[in-house]
Amino acid sequence: MTTIQHISTSRRIKDRVVQGLVYLAFALAVVPLVSVLWLVISNGLARFDLEFLTHSMRNIGARDAGGGAYHAIVGTLEQVLLASLISVPIGLLTAIYLVEYGRGGRLSRAISFFVDVMTGVPSVVSGLFILAFWILFLGMPFSGFAGALALSILMMPTVVRSAEEMLRLVPNDLREASYALGVSKWRTIMKVVLPTAFTGIVTGVMLAVARVAGETAPLLLTVFFTDSINNDPFSGPQMGLPLFVFDQAGRPNDTAIDRAWTGALTLILIVMLLNLVARLIAWWRAPARGR
């Protein structure tokens, strides 16, 4: 009896120690995140006003007060939207092929290999590729669309891997039940598999969006700088929030530094808002709600 009690006490002690280590690791991971958020919020609130959100930097000198990031906000939203429209369908179709059609095949193994390679490609490489092929070789101008092409290259592997994992989590019993009723494979994928994995796929897409929304290097090479509002992403240079922050942070005066902090805060808020909207859509379209 004493031996059993000793073993039970030893297990409880080990459990408490491991639990304490887990909490400690969580605290160590949260501290840098909280400190960065606090630093951005405390410094960014100084210029976070209506003028900043509704005005551009046109005719605003380097040391002048005022000005805003409206042109950069518009550019970021359009560039991320275009990148999503390019990468999400391609990434989702690729994941469907890998899970539903190409299991164990030579082509699927080759695709998986290249997806893994693309996952580790530095962001500046995608910008260099679009610069060399789209702008220099094809002679296309610097534009928001060129930046979206570079961002889509970064988004695709994240979308493919996240969608692939979500599709693999769908129980095979659901597929077999659909096949048993005489439903074709493509209809089973559209009506059973994708709705079941919809929430996870949306989460993966938002992870990809969050990754590319703050990328600066691809935009430096493909979008170029402008202080004016350009609502057409297919014509002429178009600013983005990462470029705006980079540009303002490099100017040696307090007014520009304040604008850079506020631009970073605005970018964080946009990403958070997009994630919130995606969560609401995923909740609304969840299979349990019968929609």
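Helix α1 gives the most to the nonpolar surface patch, with three residues. Helices here (H or I, at least four residues) are DSSP runs, as are strands (E, at least two), and both are numbered from the N terminus. The patch covers about 610 Å² and is made by Leu33, Leu37, Ile41, Leu45, Phe48, Leu269 and Met272. Two elements, α1 (2-44) and α11 (254-284), each give two or more residues to this patch. Patches are built from residues with over 30% relative accessible area and no salt bridge, where nonpolar side chains (Val, Leu, Ile, Met, Phe, Trp, Tyr) are joined within 5 Å and like charges within 9 Å. Accessible areas come from the Shrake-Rupley method with a 1.4 Å probe, and for residues only the protein chains shown count as cover.

A word on the model itself is useful here. It is a predicted one, in which local features need pLDDT of at least 70 and side-chain atom pairs count only at pLDDT 80 or more, while totals for chains, interfaces and linings use all residues. Residues are numbered from 1 along each chain as its sequence is written, and side-chain values use heavy atoms, with hydrogens and water left out.

One member of the patch, Phe48, is found in the loop between α1 and α2 (50-54). Phe48 has a relative accessible area of 32% and is therefore partly exposed; buried means under 20% relative accessible area, exposed over 50%, and partly exposed in between (1.4 Å probe, protein chains only).

The UniProt record, an unreviewed entry, lists residues 21-41, 80-99, 111-136, 142-160, 192-213 and 260-282 as "transmembrane region". Positions from UniProt are given in the numbering used here, with feature names shortened, and the annotations may be inferred rather than shown by experiment. In the model, residues 21-41 are 100% helix and 0% strand, and their end C-alpha atoms are 30 Å apart. Residues 80-99 are likewise 100% helix and 0% strand, with end C-alpha atoms 27 Å apart.

Aromatic side chains come next. A pair of aromatic rings is described by the distance of the centres and the angle of the planes. The structure holds eight aromatic pairs; rings of Phe, Tyr and Trp (its six-membered ring) pair if their centres lie within 6.5 Å, and planes under 30 degrees apart count as stacked, over 60 as edge-to-face and the rest as tilted. Phe113 and Phe114 make an edge-to-face pair, at 5.5 Å centre to centre and 70° between the planes, and both of these residues are exposed. Phe145 and Phe234 form a tilted pair, with 5.1 Å between centres and 35° between the planes. This pair links distant parts of the chain, 89 residues apart: Phe145 is in helix α6 (residues 144-168), and Phe234 is in the loop between α9 (217-222) and α10 (241-249). Phe145 has a relative accessible area of 18%, so this residue is buried. Elsewhere, ring pairs join Phe129, Phe133 and Phe137 into a cluster.

The loop between α9 and α10 also holds Phe224 and Phe225. Phe224 has a positive phi of about 75°, although it is not a glycine, and is partly exposed, with a relative accessible area of 43%. Phe225 is partly exposed as well, at 31%. The C-alpha atoms of Phe225 and Met239 are 5.7 Å apart in space, with their positions 14 residues apart in sequence.

Charged side chains complete the picture. Side chains of opposite charge can pair when their charged atoms come close. The structure holds six salt bridges, each a side-chain nitrogen of Lys or Arg within 4 Å of a carboxyl oxygen of Asp or Glu. One of them joins Arg161 to Asp116, with the closest N and O atoms 2.8 Å apart. Because Arg161 lies in helix α6 and Asp116 in helix α4 (residues 106-119), the pair ties together parts 45 residues apart in sequence. Asp116 is partly exposed, with a relative accessible area of 46%. Salt bridges that share partners join Asp116, Arg161, Glu164 and Arg168 into one network. Asp247 and Arg251 also form a salt bridge, at 3.0 Å between the closest N and O atoms, and both residues are buried.
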